[in-house]
Amino acid sequence: MTVLETIIVSVLSTLGTAAVGFFFYYLRVLMKEKSLSKAELKENKRTSFQKLLDEHAKLLLDLNNDKPIKVWLKEFSDMSKSILLWSSDEVLEEYGKYVELYSSKHSKIEERELYFAKAILAFRQELGYKNKKDKITPQQVVLIFRSGYKSNI
């Protein structure tokens, strides 16, 4: 083997080793980032579900009597937005059915509200939720978002 061939082999093996090292470093960073985002998602879901249960327990136990209506509406609205954003498709679908049945006297859903609901569903899709077979309807999203309010959004 000539000196030139030896140099070329050395350079190529060094570059190959560096490329493999960069690849594994990138893979490690990617896995760490994915792990952190999963942990954050899990925490957001846990907080949202806790809010959902707390607010409905207050309703059932009639614990909102001593609280000003504006405070209660804000807390219930915060819970609704949290559920819309962080709950799984399955949870949102079932909660949407509940709200639909509970809200039988709701005011007519306006077309602009449906566009807003479709935007929320698209945002959820960006977060990784699928809404397979469109089980979560824009109407359900509107009603969940409106929860606690008597008017349109």
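A residue counts as exposed when its relative accessible area is over 50%, as buried when the value is under 20%, and as partly exposed in between. By this rule Asp134 is exposed, because its relative accessibility is 60%. The structure examined here is a predicted model. The mean pLDDT of the protein chain is 82, and 92% of its residues reach 70 or more. Among the elements of the chain, helix H1 (residues 3–60) has the lowest mean pLDDT, at 80, while H4 has the highest, at 90. Where pLDDT is low, the predicted coordinates should not be read in detail.

Helix H4 is described next. H4 consists of 16 residues and covers 23 Å between its first and last C-alpha atoms, close to the 22 Å expected at 1.5 Å a residue. Five residues of H4 are named as buried, namely Glu113, Ala117, Ile120, Leu121 and Arg124. These buried residues fall within an arc of 100° when H4 is seen down its axis, so they line one face of the helix. An α-helix has 3.6 residues a turn, so residues three or four places apart point the same way. The buried residues of H4 pack against three helices: H2 (69–86), H3 (89–102) and H5 (138–146). On the other side of H4, the exposed residues are Glu111, Tyr115, Gln125 and Glu126.

Lys118 also belongs to H4, which spans residues 111–126. With a relative accessible area of 47%, Lys118 is partly exposed, because this value falls between the limits of 20% and 50%. From C-alpha to C-alpha, Lys118 lies 10 Å from Ile136, and the two are 18 residues apart in sequence.

Two of the helices that H4 packs against, H2 and H5, also pack against each other, at an angle of about 145° and with their axes 7 Å apart. In this contact, Ser80, Lys81 and Leu84 of H2 meet Val141, Ile144 and Phe145 of H5. The residues of the contact comprise four nonpolar, one polar and one charged.

The loops on either side of H4 and H3 were then considered. Ser88 sits in the loop between H2 and H3. Ser88 is buried, because its relative accessibility is 17%. Apart from neighbours within four places in sequence, Ser88 is in contact with Lys45, Arg124 and Tyr129. Of these, Arg124 is one of the buried residues of H4.

Positive phi values occur after H4. Just after the helix, Gly128 has a positive phi of about 115°. In the loop between H4 and H5, Asn131 has a positive phi of about 50° although it is not a glycine. Asp134, found in the loop between H4 and H5, likewise has a positive phi, near 50°, and is a residue other than glycine. What is the state of Asn131, buried or exposed? Asn131 counts as buried, because its relative accessibility is 14%, whereas Asp134, at 60%, counts as exposed.

Ser37 is placed in helix H1. Ser37 is partly exposed, because its relative accessible area is 40%. Between the C-alpha atoms of Ser37 and Val71 the distance is 32 Å, with their positions 34 residues apart in sequence counted as the separation.

Methods: Residues numbered from 1 in each chain as written. Predicted model: local features only at pLDDT ≥ 70, side-chain atom pairs only at ≥ 80, totals over all residues. Heavy atoms only, no water. Helix = DSSP H or I, 4+ residues; strand = E, 2+ residues; numbered from the N terminus. Buried < 20%, exposed > 50% of the residue type's maximum accessible area, 1.4 Å probe, protein only. Expected span 1.5 Å × (residues − 1). Arc of directions from axis to C-beta. Contact = heavy atoms within 4.5 Å. pLDDT = per-residue confidence, 0-100. Axes fitted to C-alpha atoms, helices over the stretch in contact; angles between N-to-C directions. Nonpolar A, V, L, I, M, F, W, Y, C, P; charged D, E, K, R; others polar.
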